[in-house]
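The paragraphs below are meant to be read beside the sequence and the coordinates, moving from the contact between the chains to individual side chains. Please keep both in view while reading.

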Amino acid sequence: MSEDVTGIVVPIHLDYTYTPGVAASRFLRHIAEGNYVGQRCPKCKKVYVPPRGSCPTCGVPTDEEVELKQTGTITAFCIVNIPFAGQAVECPYVSATIQLDGADIGFYHLIQEIPYDQIHIGMRVEAVWKPREEWGTTTESIAHFKPTDA
Amino acid sequence: MRDVAVVAYSAWNGVEHERNEVEILMPVVRDVFDKVGLTKNDIGFTCSGTSDYLAGQPFSFVSALDAVGAWPPIVESHVEMDGAWALYEAWVRLQHGDLDTALVYAVGKSTMGDLLDVLALQLDPYVLTPLWPDPVSLAALQARAYLEKTGKTEDDLAAVAESRGRRVDRASGYIASPLRRHDCPPITDGAAAVVLAVGDRARELCERPAWICGIDHRIEQHQLGARDLTRSESAKVAADKAGASGVDVAELHAPFTHQELILRDAIGLNGATINPSGGALKANPLMVAGLERIGEAASRVLDGSAAKVLGHATSGPCLQQNLVCVMESR
């Protein structure tokens, strides 16, 4: 009697040349210069960062660029204790949604320079940039966010 | 049945290195709305055809909605198929009776990944995909079987390429025998959008709506060895059910030259002008090219140059699935 075939392994690998798009490319080039630049919707006036070139509410292009301050407010956070494949940061660490002053949408970054049990929603934070020679077209140009001194 | 018509169509295709899918789609959606003076607030139902495998990004179909604006919440659906099948779903949805307008769109960036590898994944995952057969090689098997059975030659294939505006070079080598470069579609990015409207609403929105008088789609065996690749029974049945006889213009979604011949045999298009747009041999944006065929055919009614037209879309390897949409002026 032959054995039942209960499973097969089929390795699949696909390569892509990823294009962030015009709006996100502009955002990333601004980051490489040390600036956080969002885009404002001409209809509802909301400011999106990172911008995606359109307002998902109104469905119109967001052409106007808005330079944002590098301070903001934590709107949600999570203490990550579980390692997983491809993890870039050592556990434990804090991932947070930060709404920059002047923006209408949060984005993700790390919170450091504070004991994790003291982090709370509503906490004021500011960007801590890496040394200038490490800046590039990536949000990793910012090392993390830390509580503002004020 | 409620009378549903195509009232507007817009499309763009080409090779795009800068813009992402949303940025390709947005001007197309805006243009199709401008043609009939509508905004997203006037649309009852929105349905899209895209593929996350093309973008290499899960939930890219959700991102694509940024081009429309989905707040306050809209009535919306998506098919992981060519936009022609999204149009079919929208047509069914409009039959429910409570909505009068629909937006159908498709977007695809075929150039971001290796399209031949991506398309190998639509095959049977146990015995076919592990061999990574590319769609050109599979089409070549079909073309070889077709030439052997019908006695037609590579010159007959070249004649199709020539009439679709391709530069024919019989001295060029085979990509996969018997197919040469001019027998195969270009790899294209693109987006297309159609507005559908019901009855009096359609008559308000444009002078000559392209009324859908028949629409049908059929599917054949997934396993290529289990069907006769030299003919298209599914296209024949869909065309018969949709009432394809007597059309002035037919836009056939035939990515390969021999597939146009197989479709012409199946649908029986006596005297019709075929693929005045150049069809998929000119531009073949995956997920979009089928909806483009319906839109291009409808445009001949909208501009008053034809009375009855046919748009055809295919999906899957070797014409596995076929959709036929027949439209007329009234």
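What follows describes a predicted model, beginning with the interface and then turning to salt bridges, a helix and two single residues.

How many residues does each chain bring to the contact? Chain A contributes 25 residues and chain B contributes 31 residues. The size of an interface is often given as the accessible area lost when the parts come together. For chain A and chain B this buried area is about 2,000 Å², and carbon and sulfur atoms supply 57% of it. On the chain A side, the residues that lose the most area to chain B are Leu14(A), Tyr16(A) and Thr19(A), which together account for 26% of what that side buries.

The polar part of the interface can be described in a similar way. Between chain A and chain B there are 10 residue pairs in polar contact, counting pairs in which both residues are at pLDDT 80 or more. When the residues of chain A that touch chain B are sorted by kind, 15 are nonpolar, 8 are polar and 2 are charged. The rule for salt bridges finds 1 across this interface. One salt bridge joins the side chains of Arg52(A) and Asp66(B), with a nitrogen-to-oxygen distance of 2.8 Å.

Taken over all chains, the structure holds 24 salt bridges, and a few of them show how varied the settings of such pairs can be. Within chain A, the side chains of Arg26(A) and Glu65(A) meet in a salt bridge at 2.7 Å, N to O. This pair links distant parts of the chain, since Arg26(A) belongs to helix α1 (residues 22-31) of chain A and Glu65(A) to strand β3 (residues 64-68) of chain A, 39 residues apart. Glu65(A) counts as partly exposed because its relative accessibility is 29%, and Arg26(A), at 41%, also counts as partly exposed.

In chain B, Glu260(B) and Arg264(B) form a salt bridge whose closest N and O atoms are 2.7 Å apart. Why are these two residues separated by about one helical turn? They lie 4 residues apart in helix α10 (residues 257-267) of chain B, and therefore about one helical turn separates them. An α-helix has 3.6 residues a turn, so residues three or four places apart point the same way. The two partners are not equally accessible, however: Glu260(B) is buried, with a relative accessible area of 1%, while Arg264(B) counts as partly exposed at 31% relative accessibility. Elsewhere in chain B, Asp3(B), Glu328(B) and Arg330(B) are joined into one network by salt bridges that share partners.

A further salt bridge in chain B pairs Glu207(B) with Arg208(B), and here the closest N and O atoms are 3.6 Å apart. Glu207(B) counts as exposed, with a relative accessibility of 71%, whereas Arg208(B), at 35%, counts as partly exposed.

Helix α1 (residues 21-36) of chain B can be followed from one end to the other. Its 16 residues reach 24 Å from the first C-alpha to the last, which is close to the 22 Å expected at 1.5 Å a residue. At the N-terminal end, Asn20(B) acts as the cap of α1(B), placing a side-chain oxygen 3.2 Å from the backbone nitrogen of Val22(B). The buried residues of α1(B) include Ile24(B), Leu25(B), Val28(B), Val32(B) and Phe33(B), and Glu21(B) and Glu23(B) are also among them. After α1(B) comes Gly37(B), which has a positive phi, near 65°.

Two single residues complete the tour. Is Arg180(B) buried or exposed? Arg180(B), found in strand β6 (residues 179-180) of chain B, counts as buried because its relative accessibility is 13%, under the 20% cut-off. The side chain of Arg180(B) reaches the backbone oxygen of Ser172(B) at 2.4 Å, and a polar atom of that side chain lies 3.2 Å from the backbone oxygen of Arg170(B). Leaving aside neighbours within four places in sequence, Arg180(B) is in contact with several residues, including Glu154(B), Asp169(B), Gly173(B), Tyr174(B) and Ile175(B).

Pro58(B), by contrast, sits in the loop between α2 (52-55) and α3 (60-64) of chain B and counts as exposed at 64% relative accessibility. The C-alpha atoms of Pro58(B) and Arg181(B) are separated by 33 Å, the two residues being 123 residues apart along the chain.

Notes:
Residues are numbered from 1 along each chain as its sequence is written. Chains are lettered from A and ligands numbered from 1 in the order in which they are written. This is a predicted model: local features need pLDDT of at least 70, side-chain atom pairs count only at pLDDT 80 or more; totals for chains, interfaces and linings use all residues. Side-chain values use heavy atoms; hydrogens and water are left out. Contact means heavy atoms within 4.5 Å. Buried area is the accessible area (1.4 Å probe) that two parts lose on being put together, summed over both. A salt bridge is a side-chain nitrogen of Lys or Arg within 4 Å of a carboxyl oxygen of Asp or Glu. A polar contact is a pair of N or O atoms within 3.5 Å; within protein, one must be able to donate a hydrogen and the other to accept it, and residues adjacent in sequence count only if both atoms are side-chain atoms. Ala, Val, Leu, Ile, Met, Phe, Trp, Tyr, Cys and Pro count as nonpolar, Asp, Glu, Lys and Arg as charged, and the others, Gly among them, as polar. Buried means under 20% relative accessible area, exposed over 50%, partly exposed in between (1.4 Å probe, protein chains only). The expected span of a helix is 1.5 Å times one less than its number of residues.
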